[in-house]
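I open this notebook to record what I looked up in the structure. The entries run from the whole chain to one chosen helix.

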Amino acid sequence: MKETSLANTKLIMLLKTLNDREWLHLAKFIESPYFNVHEGIHLLFEALQRNASNIESVTKSSLYKAVFGEEKYNDLRLRHLLSDFLKLLEHFLVVSALLNDEQEIRVRLLNEYRQRDLEKHFTSTQKLTDKAGQKSPVRDGQFYLHRFRVEQEKDSFLAQQLQRSGKTNIEPAAAALDIFYVSQKLRWHCLLLNNRSIVGDIQPLNFMEEILGALPGNPVASEPVVAVYVEVGQMLQFPDQEEHYHQLKVLLQQEAFRFSQEEARELYAFARNYCIRKINSGIKEYLREIFGLYRQALEQHLLLEEGFISPWDYKNIVVTGLRLGEFSWVQNFLNEYRDRLEEKFRENAFTYNLAKFHFYRQNHPEVVRLLSQVEYDDVFYSLDSRSMLLKTYYELNEVNALFSLLDSFSVYLRRNKLVSAHHKTNYANLIRYTRKMLNLKPGAKEDAEKLRKQIQDTRKVADADWLLEKLAELG
């Protein structure tokens, strides 16, 4: 039969996302007769597990043979088996997620004990749940949703106890629900405002006007999860009122630990995006604010995910510090966080950013040496490294090397399909205007001024500030 690849099927695409630990846990899950009694799925899993490192290469015929031996191939039979395995895999993901969520386990236990009318079990689980909630420093929206569900179970339990007729738990349940609802509406409101510059006008969320109008003087407004989003919303809606940004920065310093790490990073991103818009509007002082926000987030360990910093955050922090002349701090950061980069990114990210450090220190020969060690597999490193090398050759007056690089850079932009149209335009303009700058005759001030105006009018030019700076030196 013709070999048929399964590479683009939902099953294989999902299996590709499993790490080594998850493969081991899935094996135990499938071995359990509680979850799986289908011998064919055992055999199918073993065949897939053997090919886990190259799962996309698995074909229908190889799997059929692994399960059914030399029987005549039956496509419908195999498809049914693959469908059953996908359902089992989905159950594994759900069970794994539940077993890793202590809060969800306790709420479900409360529900089970209440329905079974086990007062002693319910009460002891409730006390453990309340104690865990009191000890948790996190007070984000999900925390209050969890509290609402717990308080709701308490109220339902009280309603079942005839001897406690008339006693309810409605007020604490409603209070937790209020905080969850208001905070989440404010969060989505802020996300919409943040995207307004991209998508244009936005349609306000239902009840936002009423919620914002009801908050002043309401106890809900004093909850950090609400107060933070109120300031984010005010900052985004009224960008000229800079006091909202400064108040948000203070709140993040004081309250970021009350949010999940993912949500706290999102809040810092709101603040950084506001600063970027200020810089783009000509208020360059906000670069110092971005640097401060990064340092604040680092101190709170918010930029580490599973112990690692992303190569993009690593690079952005380095560039921000270098632009501010914080050379000593950047050098310490480069070395201190080198091992906090995932191994697959580590050497490339460190070497590239160290080259950037030496470029700003005008140690140009070291830049050339370091960039020769950067692997250009990633589009970002390929573009930015070529751009940095272009500027370095210019500074070194290596004219022949520079012209050769301009030619190869142009070819790369034309041929590489992974480079976006936006980046192709920006970097093509950098190449074009660098050529024009190199061809300027000494003392041709009128031509230099004409070129300066062209660059400013074009707008979509990578490293435009550098080009203008070099033109000013020529003038």
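**Burial and overall form**

I first looked up burial in this predicted model. Of the 475 residues in the protein chain, 43% are buried.

I then turned to secondary structure and found 23 helices and two strands in the protein chain. I compared the radius of gyration with the globule rule: the protein chain has 30 Å, well over the 23 Å that the rule gives for 475 residues, so it is more spread out than a compact globule. Along the principal axes, I noted that the C-alpha atoms fill a box of roughly 100 × 75 × 40 Å.

**Contacts, surface and charge**

Among contacts with a separation of 6 or more, I recorded that 61% join residues 24 or more positions apart. For the surface, I noted about 27100 Å² exposed by the protein chain, with 50% of it supplied by carbon and sulfur atoms. I also looked up the charged side chains: 64 are positive and 65 are negative. The centres of these two sets lie 3 Å apart.

**Helix H3**

I chose helix H3, residues 39–50, for a closer entry. Its 12 residues reach 17 Å from the first C-alpha to the last, close to the 16 Å expected at 1.5 Å a residue.

Which residues of H3 are buried? I listed Gly40, Ile41, His42, Leu44, Phe45, Ala47 and Leu48. I then looked up what covers these buried residues, and the cover includes helix H1 (10–15) and helix H2 (20–31). Helix H4 (60–68) and helix H5 (75–99) are also included in that cover.

Terms used: Residues are numbered from 1 along each chain as its sequence is written. This is a predicted model: local features need pLDDT of at least 70, side-chain atom pairs count only at pLDDT 80 or more; totals for chains, interfaces and linings use all residues. Side-chain values use heavy atoms; hydrogens and water are left out. Helices (H or I, at least four residues) and strands (E, at least two) are DSSP runs, numbered from the N terminus. The radius of gyration is taken over C-alpha atoms; the globule rule is 2.2 Å times the number of residues to the power 0.38. Buried means under 20% relative accessible area, exposed over 50%, partly exposed in between (1.4 Å probe, protein chains only). Contact means heavy atoms within 4.5 Å. Accessible areas come from the Shrake-Rupley method with a 1.4 Å probe; for residues, only the protein chains shown count as cover. Lys and Arg count as positive and Asp and Glu as negative; His and the chain ends are not counted. The place of a charge is taken as NZ of Lys, CZ of Arg, CG of Asp or CD of Glu. The expected span of a helix is 1.5 Å times one less than its number of residues.
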